[in-house]
Amino acid sequence: MAILVLGGAGYIGSHTVYELIGAGRDVVVADNLLTGFQEAVHPKARFYRADIRDRQAMDQLFEREQIEGVIHFAASSQVGESMSDPLKYYDNNLGGTTVLLQSMVAHGVDKIVFSSTAATYGEPERVPILETDKTVPTNCYGETKLAMEKMMAWTSRAHGLRYVALRYFNACGAHPSGLIGEAHDPETHLIPVILQVPNGKRAKISIFGDDYPTKDGTCVRDYIHVSDLAQAHILALDYLLAGGENNVFNLGNGVGFTVKEVIDVARSVTGHPIPAETCPRRAGDPAQLVASSDKARTVLGWQPKYADLETIVSSAWAWHKSHPNGYHA
Ligand code: UFG
């Protein structure tokens, strides 16, 4: 029996496929390659170019392959874009997941682990954030992810499917092998944007606001290595295969770093001065997002291995230095 990874050519999906194959699992990848890269797909995975909104393609996949569980990353994930083009997010994230679940139910595939996000919480009431805290998304991306969680819950009730939703905090870093890493176009995430400076692709980094109620006025985030996220997907799938109930888990290190602290770590890792300038706040940014991941540690036995920010930024730097143009280097 194989594991189907939807969106397995994307950033977190490709790292999860590497972990699965490393653990000796049989892996099928489907990706429409709109934002993913064929080069990121592990050579031992069976690859299908397919879109989750395409019912026929999903049906064919479940007919051809013996799938014991699905890990679902296939979604649009840019917060800013979700505000300017919300219907793209409803179409891809909710429309796509609807078709996927219809096909899974029709073929009796009843276990799914999928990407949710810290953006489901919106402006948190307190940090660290617990899974039981209020979910009031402040952007359309978070809204569609929260709706995906609810879609799973209702489908579970009606059809007996079981799911785990993983609410990621700030995914970053790259695979220790240096073979795969983060590649978005355009790139908006803090660490890869900072690293564009020592890579000669940008003159300076813009700090979006230094008047937040935090220790140095810049936003605080919980940065979690992509390989640690990948590991959590395998644990979540094994939890479902062992009969585990529907569940939701935060995934973060539980430690917050300000934007200025991240820039300082990047300066020390790269040896480059990385000039920075303060700019106005970016719309929709909460001041602080820090996870309590106690539940994932206790229930899934998850133990992040790359928790140290220097290690995370070093792994990202190794990838970006050797792939200044991502997979098209
Ligand atoms: N930032 C800058 N300058 C930049 C880029 C980012 O100062 O050039 C700041 C942002 O304002 C924010 C922090 O760096 O305070 C982190 O920003 P990212 O864009 O890297 O990440 P976000 O926290 O905005 O978003 C991440 C994920 C989303 C997810 C969200 C949860 O990328 O998918 O966390 O809130 F939805």
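In this predicted model, Arg281 lies over the face of Tyr212, at 3.9 Å from the ring centre. A second charged side chain is placed in a similar way, for Lys295 lies over the face of Phe249, at 5.2 Å from the ring centre.

Phe249 also takes part in an aromatic pair, and a search of the whole structure finds 6 such pairs. A pair of aromatic rings is described by the distance of the centres and the angle of the planes. One of the pairs is formed by Phe114 and Tyr163, whose rings are tilted, with 6.4 Å from centre to centre and 50 degrees between the planes. Because Phe114 belongs to strand S5 (residues 111–117) and Tyr163 to strand S6 (residues 162–168), this pair ties together parts that are 49 residues apart in sequence. Phe114 is buried, with a relative accessible area of 0%, and Tyr163, at 9% relative accessibility, counts as buried too.

The rings of Tyr239 and Phe249 have their centres 6.1 Å apart and their planes at 85 degrees; planes over 60 degrees apart count as edge-to-face, and the pair is therefore edge-to-face. Here Tyr239 lies in helix H7 (residues 226–241) and Phe249 in strand S11 (residues 247–251), so the pair ties together parts that are 10 residues apart in sequence. Tyr239 is buried at a relative accessible area of 16%, while the value for Phe249, which is buried as well, is 0%. Elsewhere, Phe37, Trp319 and Tyr327 form one aromatic cluster.

The ligand is surrounded by 22 residues, and the closest are Leu190, Ser206, Arg221, Arg282 and Asp285. By class, this shell has 13 nonpolar, 6 polar and 3 charged residues. Helix H6 (190–195) and strand S8 (205–208) each supply at least two residues of the shell, and S8 gives the most, with 4 residues. The table lists polar side-chain atoms that lie close to oxygen atoms of the ligand.

| Residue | Distance from its polar side-chain atom to a ligand oxygen atom |
|---|---|
| Asn170 | 2.9 Å |
| Arg221 | 2.7 Å |
| Asp285 | 2.5 Å |

Of the 690 Å² of accessible area that the ligand has on its own, the protein covers 91%.

Ala283 is found in the loop between strand S13 (276–279) and strand S14 (288–289). Is this residue buried or exposed? Ala283 counts as exposed, because its relative accessibility is 73%. The C-alpha atoms of Ala283 and Thr138 are separated by 9.9 Å, although these residues are 145 residues apart along the chain.

Key:
Residues are numbered from 1 along each chain as its sequence is written. This is a predicted model: local features need pLDDT of at least 70, side-chain atom pairs count only at pLDDT 80 or more; totals for chains, interfaces and linings use all residues. Side-chain values use heavy atoms; hydrogens and water are left out. Buried means under 20% relative accessible area, exposed over 50%, partly exposed in between (1.4 Å probe, protein chains only). A residue is near a molecule or strand if one of its heavy atoms lies within 4 Å of it. A polar contact is a pair of N or O atoms within 3.5 Å; within protein, one must be able to donate a hydrogen and the other to accept it, and residues adjacent in sequence count only if both atoms are side-chain atoms. Accessible areas come from the Shrake-Rupley method with a 1.4 Å probe; for residues, only the protein chains shown count as cover. Ala, Val, Leu, Ile, Met, Phe, Trp, Tyr, Cys and Pro count as nonpolar, Asp, Glu, Lys and Arg as charged, and the others, Gly among them, as polar. Rings of Phe, Tyr and Trp (its six-membered ring) pair if their centres lie within 6.5 Å; planes under 30 degrees apart count as stacked, over 60 as edge-to-face and the rest as tilted. A charge sits over a ring if NZ of Lys or CZ of Arg is within 6 Å of the ring centre and within 35 degrees of the ring normal.
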